[in-house]
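Let's walk through this chain together, one question at a time. Have the sequence and the 3D view open as you read.

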Amino acid sequence: MMNDTITLALMALLAVMLLVAAVIDVRTFTIANGLNLAIAALGLAYWWSIGLPLWPDGAIRAGIALAVFAILAITFMIGMMGGGDVKLAAALALWFTPFETVRFLVYMSIAGGLLTLIVILAHRRWPNWQVDDEGKPKAKAEVPYGVAIAAGALIVLAQRFLNHFA
């Protein structure tokens, strides 16, 4: 690593921003564009801190981030994810190597499945748990998928510190 202190500070800031995104998503079912943009921009600062060459490594990460965006945009179009969730996952791909991005997507999917199961069970047990803007119970449970995205990313970040053999 080129600038260890800066790199660690950027990763810590990312972790905090992921926790903020998860909490906001639970409360409002939205993830602000500004937060996603900040995560993407800090990803570029992270590249500088680790001395990542723009060609070809930076270009590969950017291409993978675009691919993540394109693939998850399909889930948005069919109503499985929100737009903020798609942008958050794509922004996070800038922080990870290609292999880490695959692991992130796997962890995110597992966390998303578990979260969806919990939300569905809670919605069945307490039908008035989620309400719309008018205070009426929602017919269909909503899943704050930003929580799953944050969990997947935090697991990958933690592995950088816990798995020194990778």
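Q: What share of the contacts in the chain with a separation of 6 or more comes from residues 24 or more positions apart?
A: Keep in mind that this is a predicted model. Contacts here are heavy atoms within 4.5 Å. Among those in the chain with a separation of 6 or more, the share from residues 24 or more positions apart is 70%.

Q: How many helices and how many strands does the chain have?
A: Following the sequence, you will read the pattern α-α-α-α-α-α. That agrees with a count of 0 strands and 6 helices.

Q: Why can the chain be called as compact as a globular protein of its length?
A: For 166 residues, the globule rule gives 15 Å. The C-alpha atoms fill a box of roughly 55 × 30 × 25 Å along the principal axes. The chain counts as that compact because its radius of gyration is close to the rule's value, at 17 Å.

Q: What part of the 166 residues is buried?
A: A residue is buried when its relative accessible area is under 20%. As for the surface, the chain has about 9,400 Å² accessible, and carbon and sulfur atoms hold 73% of that. The buried part of the 166 residues is 38%.

Q: Which helices are included in what covers the buried residues of α1?
A: Helix α1 runs over residues 4-28 and reaches 36 Å, close to the span expected for its 25 residues. Its buried residues include Leu 10, Leu 14, Leu 18 and Asp 25. Their cover includes α2 (33-50), α4 (83-93) and α6 (146-162).

Q: Which residue just after α1 takes a positive phi?
A: Helix α1 ends at residue 28. Just after α1, a phi of about 60 degrees is taken by Phe 29.

Q: Which helices do the buried residues of α6 pack against?
A: Helix α6 has 17 residues and reaches 24 Å from its first C-alpha to its last, close to the expected span. Among its buried residues are Gly 146, Ala 150, Gly 152 and Val 156. The helices they pack against are α1, α4 and α5 (98-125).

Q: Is Ile 78 buried or exposed?
A: Ile 78 lies in the loop between α3 (54-77) and α4. With Ile 74, Phe 76, Met 77 and Met 80, Ile 78 forms a nonpolar surface patch of about 590 Å² accessible area together. Exposed means over 50% relative accessible area. Because Ile 78 has 58% relative accessibility, it counts as exposed.

Terms used:
Residues numbered from 1 in each chain as written. Predicted model: local features only at pLDDT ≥ 70, side-chain atom pairs only at ≥ 80, totals over all residues. Heavy atoms only, no water. Helix = DSSP H or I, 4+ residues; strand = E, 2+ residues; numbered from the N terminus. Expected span 1.5 Å × (residues − 1). Buried < 20%, exposed > 50% of the residue type's maximum accessible area, 1.4 Å probe, protein only. Patch = residues over 30% accessible without salt bridge, like charges linked within 9 Å, V, L, I, M, F, W, Y side chains within 5 Å. Areas by Shrake-Rupley, 256 points an atom, 1.4 Å probe, with all protein chains shown as cover. Salt bridge = Lys/Arg side-chain N within 4 Å of Asp/Glu carboxyl O. Rg over C-alpha atoms; globule rule 2.2 N^0.38 Å.
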